[in-house]
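User: Please take a close look at one buried spot in this structure and work outward from there. Which neighbours surround it, and how do the parts beyond pack?

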Amino acid sequence: MFERFTKAARLVVRDGVHLAEQDEAARIEPEHLLLALLKQDGSRGTAVLAHHAVTTASAQAAIDSIRRRGGLSDADAAALGEFGIDVEAVVAAVEQTHGAGALSGTARRPRSIGPRWRVPFSGDAKRVLELSLREALARGDKSIGDEHLLLAMLKAGGVAAEALTSLGVTHENVTTYLRTS
């Protein structure tokens, strides 16, 4: 499938792998791909994110906030609030007992002795790669660009999609932007 990726999309995947390795993450997640996309310059995907004023710092802050809540979306937190459950108070109590980031679910890979090994893609990241092909085919494009990766992240759901949505980036407005640009 990678033979259909444009140079920009290949760079996103490569940089996502590097970011996961730097984080000592157990798996490459869609969030790594999102942050890698933001590192690119002059591509269609970065143009969409720049149009929505998404920066690496704002995306990282949104990702950290969502991870801190154990992946709960703003809508989930609001729904629980309607039942009198203060998600921030619950998170604070858990962190007081178990340490900062206890609900983040960001597993670290074990330190290995010997040769460095590649970090595997998580199921969610694999789903983003598969959906990017579907996004390209649905748009009638012959190759998979970083804009297709962005659309796939939004469609796949999860932390990266929630972070993008909290920053005002939705599948619908990305599709509209790409159609008009």
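Analyst: Not counting residues up to four places away in sequence, His32 touches Gly16, Leu19, Ala20, Asp23, Ala25 and Arg27 (contact means heavy atoms within 4.5 Å). The model is predicted: local features need pLDDT of at least 70, side-chain atom pairs count only at pLDDT 80 or more, and totals for chains, interfaces and linings use all residues. Residues are numbered from 1 along each chain as its sequence is written, and side-chain values use heavy atoms, leaving out hydrogens and water.

His32 sits in helix 2 (helices are DSSP runs of H or I, at least four residues, numbered from the N terminus). His32 counts as buried because its relative accessibility is 3% (buried is under 20%, exposed over 50%, partly exposed in between, with a 1.4 Å probe and protein chains only).

Now the largest nonpolar core (buried Ala, Val, Leu, Ile, Met, Phe, Trp, Tyr and Cys joined through side-chain atoms within 4.5 Å). It has 36 residues; Leu34, Leu49, Leu149, Met153, Leu164 and Val174 touch the most other members. Helix 2 (30-39) is one of the elements giving two or more residues to this core. Another core, of five residues, lies apart from it; Ala20 and Ala25 are among its members.

Leu49 is in contact with residues including Leu34, Leu37, Leu38 and Leu150, leaving aside neighbours within four places in sequence.

Leu49 also belongs to a helix pair. Arg44, Gly45, Thr46, Val48 and Leu49 in helix 3 meet Asp146, Glu147 and Leu150 in helix 8.
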